[in-house]
Amino acid sequence: WSSDVCSPTNIDLCDDDKKKQIEEYMALSTADMDSKISEYEKQLTEAEETFKSEVQKLQETYQKLSADKDAALAAVKDSGLGLLKAVKAAKAKSGSDEL
């Protein structure tokens, strides 16, 4: 710890809220501190697991949307879009409305 930050050994550098929190923690037994530490660490782990799980769901949704989009684009192209454009270009090149 740096000597210029709020800590149990530099409580005079702490604001009132931190001083109160340090005093509450100092009153705890080692077993109670261990229990609280475990509880906080469990919350951190749960938050990280939730994040990873939700990101995985987003990734799966993205992959499905991307595959659906690719299939839709392929279906449109396969339905004759390219041929229709070629016919239009040929008509324009020939300068008539009929081939």
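**Salt bridges along helix 2**

Student: What makes K42 count as exposed?

Tutor: K42 has a relative accessible area of 54%. Exposed means over 50%, buried means under 20%, and partly exposed lies in between (1.4 Å probe, protein chains only). Since 54% is over 50%, K42 is exposed. Do keep in mind that this is a predicted model, where local features need pLDDT of at least 70 and side-chain atom pairs count only at pLDDT 80 or more, while totals for chains, interfaces and linings use all residues. Residues are numbered from 1 along each chain as its sequence is written, and side-chain values use heavy atoms, leaving out hydrogens and water.

Student: Why is E46 called partly exposed?

Tutor: E46 has 38% relative accessibility, so it falls between the two cut-offs and is partly exposed.

Student: How do you know that K42 and E46 form a salt bridge?

Tutor: A salt bridge needs a side-chain nitrogen of Lys or Arg within 4 Å of a carboxyl oxygen of Asp or Glu. For K42 and E46 the N to O distance is 3.8 Å, so the pair qualifies. They sit 4 residues apart in helix 2 (residues 30-94), about one helical turn. Helices are DSSP runs (H or I, at least four residues), numbered from the N terminus.

Student: What makes K64 and D68 a salt bridge?

Tutor: Their closest N and O atoms are 2.8 Å apart, which is within 4 Å, so the name fits. K64 is exposed at 52%, whereas D68 is partly exposed at 38%.

Student: How many salt bridges does the structure hold?

Tutor: It holds 4, one of them between K57 and E54 at 3.1 Å.

Definitions and conventions:
Helices (H or I, at least four residues) and strands (E, at least two) are DSSP runs, numbered from the N terminus.
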